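Work through the exercises below with the coordinates open. Each task is followed by a stepwise solution.

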Amino acid sequence: MEVGQMQRRLVDYTKTLFMEGFLDAQFLQLQQLQDESNPDFVVEVVSLFFDDSEKLLNDLSMALDQPNVDFKKVDAHVHQLKGSSSSIGAQRVKNACIAFRNFCEEQNIDATLRCLQQVKHEYYLVKNKLETLLRLEQQIVAAGGSIPATEMGF
Amino acid sequence: MKSKAKHYSRIKCQQWGSPVYYISFLLFKTKFHPVSGILLEMAVNGAVTWLRRAGEMDGYGLSASDTEEVHVLAVDDSQVDRKVIERLLKITSCKVTAVDSGRRALQFLGLDDEKEASNGFDGLKVDLIITDYCMPGMTGYELLKKVKESSVFREIPVVIMSSENVITRIDRCLEEGAEDFIVKPVKLSDVKRIIDCMMTDLREGGGGRRGINKRKLRDDGEDRSSSSPPSTLSSSSSSTAPCSPTTVDSPTRRLKMTSFEEHVFSNKK
């Protein structure tokens, strides 16, 4: 596949991620912070997000598995996950966290367990999407092309 | 010789070095050459032009007289957020030290152990502190208080970042002396605004800012609890510094910017 085709594929793919709500404007911000002096910025931030999230999801599973659930602790973990997902523009994860926190407040164990499943589901979805997106970018750069800026003029 | 001179002039410009140094270097080089004075003159003229041009291109956002970078101490327990804020600040031409807790921030300033930093502590001068509000251990609010209670560091502007857009929280921070309050996620426009405000403030000698006015109230021995609550969010800002309208608007402006379209259109190139 030649570079032009790859670039078009990347642009289309990125657009669908925005339209389907996986990513929001904050992700655009991150892309704008990447340049020749910092060509791996987005990859680095996204990797940190993956590391953070996986640890938090583990902590959440453990915290909700206790005989006496400490909802304050659960809420603290969800707050952190909401923060980092918001900072990279992972909109659906962020929204799932907001719902999660509401049920933590109610100390509703069944609902919070369902929320955890929902957050995990959204996280793995966006992880998959982001990995695909970043792989497409890598392929373009490897083929000597440049990553087209995301134009959201629709 | 020409390419070496160009390289040398570039280095010198970054340090605002004296052209005299450069010219004497050239003179030394040509002294032993059987080359006419014309070549030397051309080279010197060329060098002066390079120096001038490089000087003009230098320092985006900073005034010509201030070639020292703004040093920002960024405090956030989230590594994702630390990475983002660090990049945002670097892109705004700031020097950044990022730490993961209020405790470490105080250590960096030399304020831990409840000991005041010695006056000879100028190697790590901090021009601005930008801190997350919600942190385990010491919150950003507690860090703000410690900084403002210190006679050595209370003049350092402190900006609070938070994902929660709670008016009472914002008010509390501003009352405690915070310069501004940014609602997360932090964008480049937020950081640019903060830095621009700071630079304006420095150029104007720090007068007229509501923050400094509040601190002055304390210096005059007024009881802190009786000082008027900050009317920054609701009152008109016509009496304060030029950049404060945006500062006043900042939390409320972010409240409006919730729809995706607004973000998109503001990000459009």
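**Exercise 1. Is Cys173(B) buried or exposed, and which residues join it in helix α7 of chain B?**

Step 1. Cys173(B) has a relative accessible area of 1%. Buried means under 20%, exposed over 50%, and partly exposed in between, with a 1.4 Å probe and protein chains only. Cys173(B) is therefore buried.

Step 2. The model is predicted: local features need pLDDT of at least 70, side-chain atom pairs count only at pLDDT 80 or more, and totals for chains, interfaces and linings use all residues. Residues are numbered from 1 along each chain as its sequence is written, chains are lettered from A and ligands numbered from 1 in the order in which they are written, and side-chain values use heavy atoms, without hydrogens and water.

Step 3. Helix α7 of chain B covers residues 167-175, and its buried residues include Arg169(B), Ile170(B) and Leu174(B) beside Cys173(B). Helices (H or I, at least four residues) and strands (E, at least two) are DSSP runs, numbered from the N terminus.

Step 4. These residues cover an arc of only 130° around the axis, so they lie on the same side of α7(B). The arc is that of the directions from the helix axis to the C-beta atoms.

Step 5. Just after α7(B), Gly177(B) adopts a positive phi of about 110°.

**Exercise 2. How do strands β1 and β2 of chain B pair, and which element links them?**

Step 1. β1(B) spans residues 70-75 and β2(B) spans residues 94-99; they pair in the parallel sense over six bridges. Pairing requires that DSSP finds at least two bridges between two strands.

Step 2. Opposite Val72(B) stands Val96(B), in β2(B).

Step 3. The chain passes from β1(B) to β2(B) through helix α4 (residues 79-91), a right-handed β-α-β crossover. Right-handed means that, with the strands pointing away from the viewer, the path from the first strand over the helix to the second runs clockwise.

**Exercise 3. How many disulfides does the whole structure hold, and where is the cysteine sulfur nearest to Cys104(A)?**

Step 1. The search over all chains returns zero disulfides. The criterion is a pair of cysteine sulfur atoms within 2.5 Å.

Step 2. Cys104(A) is in no disulfide; its nearest cysteine sulfur belongs to Cys115(A), 7.4 Å away.

Step 3. Cys104(A) counts as buried, at 4% relative accessibility.

**Exercise 4. How many helices and strands does each chain have?**

Step 1. Chain A has six helices and zero strands.

Step 2. Chain B has eleven helices and five strands.

Step 3. Buried residues make up 47% of the 154 residues in chain A. For chain B, the share is 46% of 269 residues.
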